[in-house]
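Biologist: Please take a close look at the places where the chains of this assembly meet. I should like a first-year student to be able to follow each step of the account.

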Number of protein chains: 4
Amino acid sequence: MTEKQTALIIIDMINDFQFKHGEVLAKKALKMTTSINLIRNQFHQHKLPVIYINDHYQLWKADIEKIMAYCNNPISSPIIQTIRPSSDDYFLIKPKHSAFYGTALNTLLNQLAIDKLIMVGLAGNICVLFSANDAYMREYKLHIPANCIASNDDHDNENALIMMKDVLKANIDPLP
Amino acid sequence: MTEKQTALIIIDMINDFQFKHGEVLAKKALKMTTSINLIRNQFHQHKLPVIYINDHYQLWKADIEKIMAYCNNPISSPIIQTIRPSSDDYFLIKPKHSAFYGTALNTLLNQLAIDKLIMVGLAGNICVLFSANDAYMREYKLHIPANCIASNDDHDNENALIMMKDVLKANIDPLP
Amino acid sequence: MTEKQTALIIIDMINDFQFKHGEVLAKKALKMTTSINLIRNQFHQHKLPVIYINDHYQLWKADIEKIMAYCNNPISSPIIQTIRPSSDDYFLIKPKHSAFYGTALNTLLNQLAIDKLIMVGLAGNICVLFSANDAYMREYKLHIPANCIASNDDHDNENALIMMKDVLKANIDPLP
Amino acid sequence: MTEKQTALIIIDMINDFQFKHGEVLAKKALKMTTSINLIRNQFHQHKLPVIYINDHYQLWKADIEKIMAYCNNPISSPIIQTIRPSSDDYFLIKPKHSAFYGTALNTLLNQLAIDKLIMVGLAGNICVLFSANDAYMREYKLHIPANCIASNDDHDNENALIMMKDVLKANIDPLP
């Protein structure tokens, strides 16, 4: 039997922010990159897996460079530059909101013998929440640091965090 | 309601052939590329979707260039050069044998209003058969042209075709 | 092509209410049965499908009688008597919160040519919300009547409804 | 970490045999019941899980008694009488060929900490093979005793066994 370990899941941070309130969300996202990168560095140091899972922007292509190029614009550029995956990070695309729906994520996590996830990213009340629900049904332990998710509306973000804490038994303490 | 249409599914043709009998299979694969590309051209002309779905070679990365670079070797190179996806073709990675398991394929097919699949590729008795089984359970009509799938062992390939025809009600007439 | 139609999905109404605040939720559930049964009667009259999907209470058995017997107690009995499935209603068990996770629901809905769901039941902020999220990712139109879902806490129920309306584009108008 | 263990999976043995060659298959099925029940007794003695997974015969109902009643006829009756689930056995319905597709099986196996399956039942080249493929993609070890699966055509059964052995790395030694 393998010792179980933790993976860092980074959701939809490669983003074009081309939607209502996108600029507001981008500002919050940029602020979060510092904390997320600190966590990411720790994962790299301990050789723990970092997994980006991202919308494909109707490209339906497993092509990370095309996705980053498509998303690049004055609003997103500082975020993408800061948070872009290192060559050792995993990168998967997802067709819908949840990181588990129609993706290889669960197979990858099994193969890596992961039983705990730190989930960060956007939007807290949509894709992160859907992903957290699906993780919970698959019996992963969850840590969703309150300072590493953001939503268009702060009240919605707060509600999502309460739901993660109460229903999904997630730890929501800020990191690092 | 949308008129339903057909998609071409190309399985594991971006391949390194680094396995037992890999060289034998590569020879069969190279021969098939002519027929597959003729079908592909017809799909391009009619603006019908062409979807590559491929092993990720333990890269777990949605990175088509990295996968092709990884697979490239003297045995695979002539095949990859001939069959490599055009810029308008879809490209998805799969974590296991079936094209539907842990992938966005079903979501993509729904979005494209597809109800019939032409399936081609490798290996006929493994990944193509697993994918065809899963397509059948999801109620797609199947055409698996006998001249466009290949297996290490021809007898196994023949058995897979019989199974597709008898159990999955697939059309196995050669194309084009 | 088949004309698409609507199904009624009744979630976790066969319930033992043996949990914190269970008695409070049972009172709300009992009140809802009148409205749910009015909708159910309309579905029966129009020969539209009514699908119960329910927790299995660790029986892991496709045995509707055993599940109803297990759930039966002074608190649940008036609800179960009122809402119990008719012989023509479908009845599926689910292993986790979402009605789609590890169940035959999606296959059944495809077979019945359903593209719209009316979802009712318990608990609004947990199993109904998880199910609604999964229905939305599978591209069903949703009507979740505000008077036909309930949660332990009314504020949580309200939040769930807002999320269904804003994120899942659900109609939440009361019925009938 | 929990010690991993083995489950016995009994596929489609509750069967009406109302299909082409059904009577032939029923004869083979009846013969197999002796071996399957010997294995089942051992599982009961060691308190290991026995899981029936079965077609629902268009009832779409989690109702084991209705399914057995529906299937009961002069051909099936001796088989159903011999092999019917004990009160402690699990019983799940499946909407399609594979025991994993649209069912709670994987969730149940995770909960029971199972990593190895003994698979028996009908038909060897269809539902058992589809189920075995899906089990293999989910990384279960497989034992499919050659004397405990049967298909309409013995040659097809033999081919399925070879495929399970060669592709799925299954042990196919007879039991007990």
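Modeller: To compare two copies of a chain, one superposes them by least squares on the C-alpha atoms of residues with pLDDT of at least 70 in both. Two copies of a chain are related by a rotation about an axis and a shift along it. The structure considered here is a predicted model.

With that procedure, a turn of 180 degrees and a shift of 0.0 Å along the axis lay chain D on chain C, with an RMSD of 0.0 Å. This is why the two chains are said to be related by a two-fold axis. Within chain D, the C-alpha nearest that axis belongs to A62(D), at a distance of 1.9 Å. Both copies use the same surface, since 100% of the contact residues of chain D recur in chain C.

Let us now turn to chain B and chain A. Their contact draws 24 residues from chain B and 24 residues from chain A. The area buried between chain B and chain A is about 2000 Å², and carbon and sulfur atoms give 59% of that area. On the side of chain B, the residues that lose the most area to chain A are W60(B), K61(B) and A62(B), which together account for 34% of what that side buries.

What kinds of polar interaction cross this interface? The rule finds zero salt bridges between chain B and chain A. It does find 16 residue pairs in polar contact across the interface, with both residues at pLDDT 80 or more. As for the elements involved, strand 3 (90-94) and helix 4 (105-111) of chain B each supply at least two residues of the side that touches chain A. Strand 3 of chain B gives the most to that side, with four residues. Sorted by class, the side of chain B that touches chain A has twelve nonpolar, seven polar and five charged residues.

The loop between strand 3 and helix 4 of chain B contains S98(B). Is this residue buried or exposed? S98(B) counts as buried because its relative accessible area is 0%, and the limit for that class is under 20%. Its side chain reaches the backbone nitrogen of F100(B) at 3.0 Å. If neighbours within four places in sequence are left aside, S98(B) is in contact with F130(B), S131(B) and D134(B), and also with M137(D) of chain D. The residue in this loop of chain B therefore has a relative accessible area of 0% and a contact with a residue of chain D.

Key: Residues numbered from 1 in each chain as written. Chains lettered and ligands numbered in written order. Heavy atoms only, no water. Contact = heavy atoms within 4.5 Å. Buried area = accessible area lost by both parts, 1.4 Å probe. Salt bridge = Lys/Arg side-chain N within 4 Å of Asp/Glu carboxyl O. Polar contact = N/O pair within 3.5 Å; in protein donor to acceptor, adjacent residues only side chain to side chain. Nonpolar A, V, L, I, M, F, W, Y, C, P; charged D, E, K, R; others polar. Buried < 20%, exposed > 50% of the residue type's maximum accessible area, 1.4 Å probe, protein only.
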